[in-house]
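Trainee: I am new to this structure and should like to understand the terms used for it. May we go through them in turn?

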Amino acid sequence: MPWTPPPRSPWAEKLIALGQGIGDDGRSLISLEPDLLRQSAQETTGFDDFGDTWWEEPFHRLCRSLNEEARLHLPGRLRTRGELQIILQNRLRLVDLWREEPAIANEPIHAPIVVTGLGRSGTTLLHELLANDPDNRPPLLWEFLHTVPAGERSRAAVGNPGHRPQLCDDEITLMDEIVPAFTTMHENGGNLPTEDIFGFAHQFSSDMYTGLYNVAEYTIWRSAQDQAPIYDWLRRMLQTMQWATPTTRWVLKAPSHLSALPLLFATFPDAKVVITHRDPLRVVGSLADLMATLHYMHSNHVDHAVLVEFMCMGLEHVMDEVTAERDSGALPQDQISDVIYDDLVKDPLATIEALYRRWEYPLSEEFRKNLESYLGSRHTNRTNRHDYSFSDTGLDLATHRALVAPYQERFGVRSEVS
């Protein structure tokens with residue numbers, strides 16, 4: 001079945017029409033040339049030192065793909081320019097802060113909890129559940145995108161949220177206003193726990209860009225690169241946040257960690273990793289629809305069938321790779337816990353209790369009360385559903401079920417699609 005995009009807001013359609021009327025979808029109005037982006041960020045912040053140079057090649061390749069492949073419409077181009085500008089400016093301010101406060105690099109990141117797994121397999125739910133423990137600290141979206149406030153760099157200024165959460169909320173929820181149906185697929189908010197891909201974005205090598213835009217050449221290129229520098233950058237950002245606001249224990253999250261577990265443990269040797277598991281054929285329909293909608297926010301041209309193929313190949317490869325890594329003994333098995341999606345949804349509290357027993361962490365009464373309040377609020381406030389079906393993918397069920405069966409058997413994952 002052909003993919004049917006959800007409706008866009010009338011104001012977005014009018015901006016798209018304006019770009020079409022100009023004749024170039026806004027290229028003459030909004031530049032995505034890398035040198036101009038750099039110059040604008042430097043002029044806006046007053047800083048010129050971007051730190052290490054590793055980021056420059058992925059940045060240039062990303063900009064090339066955005067200009068040559070993404071086929072952005074006018075509001076898509078405007079939002080893209082804003083996204084890149086914000087990250088460049090935050091990078092400049094961070095490098096300036098690190099030069100002035102070298103002690104930040106000595107902040108110890110002790111035994112972070114890291115949630116990963118296939119996209120749409122319960123990682124967000126588990127991350128938010130763990131964030132209810134007062135001893136656990138998740139990075140918030142505003143902390144990743146506006147880590148250092150403009151014009152200030154004292155410890156107190158960095159640690160004081162001020163207007164930054166609302167500023168970030170306005171920026172990120174613009175996506176919801178372009179395509180209102182997106183709120184049923186994923187919740188955004190400046191003051192919400194978020195994924196580490198927003199930290200990786202500062203090195204311009206991140207699944208964030210693949211999710212938002214059709215940038216196939218960039219995606220294929222970065223898949224063959226050593227990603228150690230993006231993990232180094234993530235650690236430095238966590239150290240900065242912790243320097244400003246003391247932290248007992250970080251709780252991190254990103255499905256993309258699943259394909260980089262050796263690198264994750266090399267960066268955080270004492271990490272406690274939780275991997276969520278769900279039927280991949282249930283996941284692929286949801287994930288492809290999510291990515292198609294994100295691309296549709298930025299472009300009139302979405303190839304859902306190609307996205308489905310891309311999703312399937314990626315998921316099947318990652319599952320085979322992770323299974324091989326786990327079975328080879330190359331990873332510290334005693335630091336990895338598995339959570340089945342069905343069990344998590346059926347009894348979230350029991351899932352948390354089991355993890356805390358394994359880690360020998362106390363589950364305080366305050367944490368229990370926070371969990372009960374969160375679960376009650378989540379059930380009440382999230383009434384909309386993201387409707388999708390495996391049949392929408394056009395894939396042959398028998399063929400792909402056979403490909404994912406070894407993974408399901410290895411981790412005890414039931415089939416949700418039949």
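Mentor: Let us begin with a definition: two strands pair if DSSP finds at least two bridges between them. Please bear in mind that this is a predicted model.

Trainee: What makes β1 and β4 a pair of strands?

Mentor: Five bridges join β1, residues 113-117, to β4, residues 272-277. The definition asks for at least two bridges, so β1 and β4 count as paired. The two strands run parallel. As one example of a bridge, Thr116 has Ile275 in β4 as its partner.

Trainee: Why are β2 and β5 called edge strands?

Mentor: The open sheet has five strands with parallel pairing, in the order β2-β3-β1-β4-β5. Both β2 (136-137) and β5 (336-340) pair on one side only. Besides its five strands, the chain has 20 helices.

Trainee: How do you know that the chain is as compact as a globular protein of its length?

Mentor: The radius of gyration is 21 Å, and the globule rule gives 22 Å for 418 residues. The two values are close, so the chain is as compact as a globular protein of that length. Along the principal axes, the C-alpha trace spans about 55 × 55 × 45 Å.

Trainee: What makes a residue buried, and what percentage of the chain is buried?

Mentor: A residue is buried if its relative accessible area is under 20%. Of the 418 residues in the chain, 55% are buried.

Trainee: Which atoms supply 52% of the exposed area?

Mentor: Carbon and sulfur atoms supply that percentage of the about 17,900 Å² that the chain exposes.

Terms used. Residues numbered from 1 in each chain as written. Predicted model: local features only at pLDDT ≥ 70, side-chain atom pairs only at ≥ 80, totals over all residues. Heavy atoms only, no water. Helix = DSSP H or I, 4+ residues; strand = E, 2+ residues; numbered from the N terminus. Rg over C-alpha atoms; globule rule 2.2 N^0.38 Å. Buried < 20%, exposed > 50% of the residue type's maximum accessible area, 1.4 Å probe, protein only. Areas by Shrake-Rupley, 256 points an atom, 1.4 Å probe, with all protein chains shown as cover.
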